[in-house]
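Open the model in your viewer and keep the selection tool ready. This tour starts at the ligand and then moves out to two loops.

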Amino acid sequence: MSNLSTELQALTLQLTILPEQINKIADKFRQTMLDGLAGKDSPLKMLPSYLSKPSRNETGTFLALDFGGTNVRVLLTELLGQGIFNVEARIASRLKDADGHYNYISDQSTADQLFDFIAMQIATIVKPDANYPLGHTFSFPIHQTGLNTGTLIHWTKEIETTGMDGNDITEMLIAALARQKLTNVLPQAIINDTVGALLTAAYIDQSTTIGSICGTGHNTAYIEPLSPLTKAPMIINLESGNFDQLPFTNYDSQLDANSERPGAQPLEKMVSGHYIGEIVRIIACNLFDASLLSTSPGRNILTTPYLLNGAHLSLLQEDDTEELVLISNWLEGSLHITNSSIEDRKALKTIAALICARSARLVAATYLGIIKHIDPNLEHSHNIAIDGSLYEKMPGYAQDIQITLDQALDGTAAMATTTLTKDGSGIGAAIATAIAINMKS
Ligand code: GLC
């Protein structure tokens with residue numbers, strides 16, 4: 001057996017999450033949830049949302065502002081009740097221009113500049129002669145003391161914009177709207193994207209109890225039957241990307257050491273779209289350094305941090321041609337790595353598959369942890385609403401989550417299904433706005 005095959009076997013052993021590990025990780029996750037709920041030291045922040053399930057009678061037309069870190073989206077959404085909605089207008093703009101003209105997520109930008117840019121996007125949709133209640137999906141950990149107020153705890157997903165510290169996000173938005181003369185846009189609610197996914201799915205199907213994002217970032221929210229704050233059901237944002245009782249490898253440590261916030265978001269760094277390409281790149285570099293991959297001209301480009309993203313891992317896994325020509329064309333055409341050998345290409349494909357399967361299984365283990373918390377006797381059906389590019393587009397990802405959950409719940413009366421909740425983060429902001437207005441009246 002070649003040295004490369006031996007190394008790939010070792011990698012397979014290191015990176016495969018076995019069924020017996022799934023239950024152990026789920027149990028640790030459940031315990032850290034309990035610790036967080038009890039106010040003890042816990043990697044899970046268990047952030048209150050001040051919302052519970054929608055009644056499904058929410059109606060009206062609302063603006064939804066969806067700020068996730070890569071794009072800002074604005075949706076004008078009409079809610080018709082009973083799970084029916086209609087997106088009347090939508091725009092999406094990148095927060096960082098590909099040609100380098102602007103970048104609102106770097107440490108060279110201030111929060112005011114970022115919010116001015118956001119307000120300008122909203123201006124392209126609203127007309128002066130109407131009022132627009134707005135819901136804001138702000139997909140970062142925030143400390144909330146009410147449905148329409150919150151301060152950033154810290155950035156995640158490598159965002160570095162300055163000037164957020166301690167400032168109320170809704171107030172910053174209102175000030176930026178005023179600078180654009182948009183006093184007819186009226187923020188009513190601020191929510192996390194996981195809460196948005198959960199609200200949207202529950203608006204359609206009341207059996208939904210968990211909402212999750214598997215995209216650039218990773219996080220999950222669920223309906224806590226007994227919120228410590230209100231002793232009533234409330235949606236809690238776990239900020240599960242910060243879960244840390246996990247089977248780390250040296251490659252994960254390398255990624256973490258060179259990240260914006262070492263030590264933070266360990267689960268997110270193992271599973272989410274922003275990072276999984278980077279883990280594959282780090283492993284490939286290690287194989288090159290050990291002379292296990294052939295020294296193709298141009299391979300030095302692989303030393304560029306964050307060269308690979310989730311879409312590249314899709315491409316690596318989708319190539320079913322015998323000679324892996326699609327991978328070869330991509331290596332040559334996009335990365336200028338010429339004369340790669342078939343062994344190199346097979347190795348890259350194998351590593352991508354291992355990292356994606358590890359991601360799906362770890363995510364499924366956390367869902368299982370939540371199910372064990374809300375359904376200790378494992379006797380009910382659970383629908384998990386998921387939005388995000390990994391779940392939607394990565395080959396085999398959704399199936400891996402489902403298979404892992406099915407295996408873990410086999411022999412119990414409980415069942416878990418997962419459903420894609422496209423645009424859930426944005427629509428959820430409209431639903432939260434309707435709830436906020438109903439609460440006031
Ligand atoms: C990051 C954020 C979290 C968000 C997730 C998905 O983990 O901290 O709030 O829900 O990304 O966008």
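In the counts used here, Ala, Val, Leu, Ile, Met, Phe, Trp, Tyr, Cys and Pro are nonpolar, Asp, Glu, Lys and Arg are charged, and the others, Gly among them, are polar. This is a predicted model: local features need pLDDT of at least 70, side-chain atom pairs need pLDDT 80 or more, and totals for chains, interfaces and linings use all residues. Residues are numbered from 1 along each chain as its sequence is written, and side-chain values use heavy atoms, with hydrogens and water left out.

**Stop 1: the shell.** Select the ligand, then the residues with a heavy atom within 4 Å of it. You should have 15 residues around the ligand, the closest being Thr 156, Lys 157, Asp 193, Glu 239 and Glu 268. Colour the shell by class: three residues are nonpolar, eight polar and four charged.

**Stop 2: polar contacts.** Look for pairs of N or O atoms within 3.5 Å. Start with Glu 239: a side-chain N or O atom lies 2.5 Å from a ligand oxygen. Next, select Asn 219, where the side chain places an N or O atom 3.0 Å from an oxygen of the ligand. At Ser 139, pick the backbone instead: an N or O atom there is 3.4 Å from a ligand oxygen.

How much of the ligand does the protein bury? Taken alone the ligand exposes 310 Å², and the protein buries 98% of that (Shrake-Rupley method, 1.4 Å probe).

**Stop 3: the elements.** Show helices (DSSP runs of H or I, at least four residues) and strands (E, at least two), numbered from the N terminus. Helix 5 (193-204) and strand 10 (218-224) each give two or more residues to the ligand shell.

**Stop 4: two loops.** Most residues other than glycine have a negative phi. Select Glu 158, in the loop between strand 7 (149-152) and helix 4 (169-179). Glu 158 has a positive phi of about 65 degrees. Finish at Lys 231, between strand 10 and strand 11 (234-237), where phi is also positive, about 60 degrees.

Notes
Polar contact = N/O pair within 3.5 Å; in protein donor to acceptor, adjacent residues only side chain to side chain.
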